[in-house]
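Biologist: I am new to this structure and would like a close look at a single part, with enough of its surroundings to place it. Could you take one loop position as the starting point and work outward from there?

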Amino acid sequence: FKPFLGLMSGAVQVKYRGKSNEIKTTLEVWEYGKKTQTLGELGESIRDKDGKEGKEEQYSFDGEAIFSVKGSQGEDPNKTHYEITVALTDKNGSTSSQLDWVVDAKQVASSPIELAEELNLQEGERAAVWGMQATDEQVIKTVDFTPESLKNAKWALLVFMSAGSEETPAP
């Protein structure tokens with residue numbers, strides 16, 4: 001997908017089975033390890049369900065979440081405009097949403113933040129699954145989703161996913 005969506009793109013495989021009929025994707029802006037803004041929350045209804053006689057219905061999703069961030073300089077040379085696309089796809093089809101993020105600085109370097117290993121979310125959990133960091137300086141440090149590491153990111157866009165009612169853990 002990178003040849004089509006650009007270098008600042010990524011995807012994660014999403015498998016879920018549980019009581020919730022919705023998968024949520026939340027996009028947050030973090031600066032130096034602290035959340036400063038929620039850009040948006042997107043919900044996707046899960047269509048696959050099975051319910052056996054006398055048992056609670058279970059919903060299941062087996063697909064991918066795909067993310068793309070495209071940056072550009074707008075009319076103001078001291079700001080950076082980002083167009084963020086989030087898509088969820090499975091055997092039943094796909095859905096996508098687009099959000100805008102404007103940063104009050106001319107950003108000169110960026111890099112993706114990706115999962116280092118497979119992540120299995122449980123009902124009610126939320127976790128960062130993809131992101132990007134950017135800076136207006138000539139040096140950029142490699143970061144991951146740990147709070148200590150995110151302190152090194154001047155700006156970070158973090159994508160969280162969840163199903164069911166969420167607890168609110170750190171990234």
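Modeller: In this predicted model, G124 counts as buried because its relative accessibility is 4%, and the limit for that word is under 20%. G124 belongs to the loop between strand 8 and strand 9. Its C-alpha atom is separated by 19 Å from that of E64, a residue 60 positions away along the chain.

The two strands on either side of this loop lead into the sheet. Five strands make up an open sheet in the order 3-2-10-9-8, with antiparallel pairing. Strand 3 and strand 8, the latter covering residues 109-114, are at the edges and have a single partner strand each, so one side of each is left without a neighbour in the sheet. From one strand to the next, the twist averages 15°.

At the end of the order where strand 3 stands, strand 2 (residues 22-31) runs antiparallel to strand 3, and 10 bridges join the two. Two of the pairings can be followed by eye: E22 stands opposite S45 of strand 3, while V29 has Q37 as its bridge partner in that strand. The hairpin of these two strands has 2 residues between them, and in this hairpin Y32 takes a positive phi near 50°.

S45, the partner of E22, also appears in the lining of the largest cavity, together with E44, I46, R47, F61, L88, T89, D90, G93, S94 and T95. The structure holds 1 cavity of 30 Å³ or more, and the volume of the largest is about 60 Å³. Strand 3 (34-45), strand 6 (80-90) and strand 7 (93-103) each provide at least two of the lining residues, and by class the lining comprises 3 nonpolar, 5 polar and 3 charged residues.

Returning to strand 9, which follows the loop of G124, we come to an aromatic contact. The whole structure has 2 aromatic pairs, and one of them is the stacked pair of F67 and W130, with 5.7 Å from centre to centre and 20° between the planes. F67 lies in strand 5 (residues 58-73) and W130 in strand 9 (residues 126-135), so the pair ties together parts that are 63 residues apart in sequence. Both of these aromatic residues, F67 and W130, are buried.

Strand 9 also takes part in the largest pocket, since strand 1 (9-18), strand 9 and strand 10 (155-163) are the elements that give two or more residues to its lining. That pocket has a volume of about 490 Å³. Its lining has 21 residues, and V12, Q13, V14, K15 and L119 lie nearest its centre. Strand 1 gives the most, with 7 residues, and the lining as a whole divides into 13 nonpolar, 4 polar and 4 charged residues.

The second largest pocket holds about 170 Å³ of space. Of the 10 residues that line this second pocket, E114, L115, A116, E117 and F145 lie nearest its centre, and its lining has 5 nonpolar, 1 polar and 4 charged residues.

Terms used:
Residues numbered from 1 in each chain as written. Predicted model: local features only at pLDDT ≥ 70, side-chain atom pairs only at ≥ 80, totals over all residues. Heavy atoms only, no water. 1 Å grid on protein atoms, 1.4 Å probe; cavity = no way out; pocket = protein on both sides within 12 Å on 5 of 7 lines; lining within 4 Å. Points joined across faces, edges and corners; volume = space filled by probe spheres on them. Helix = DSSP H or I, 4+ residues; strand = E, 2+ residues; numbered from the N terminus. Nonpolar A, V, L, I, M, F, W, Y, C, P; charged D, E, K, R; others polar. Pairing = 2+ DSSP bridges. Axes fitted to C-alpha atoms, helices over the stretch in contact; angles between N-to-C directions. Phe/Tyr/Trp six-rings, centres within 6.5 Å; stacked < 30°, edge-to-face > 60°. Buried < 20%, exposed > 50% of the residue type's maximum accessible area, 1.4 Å probe, protein only.
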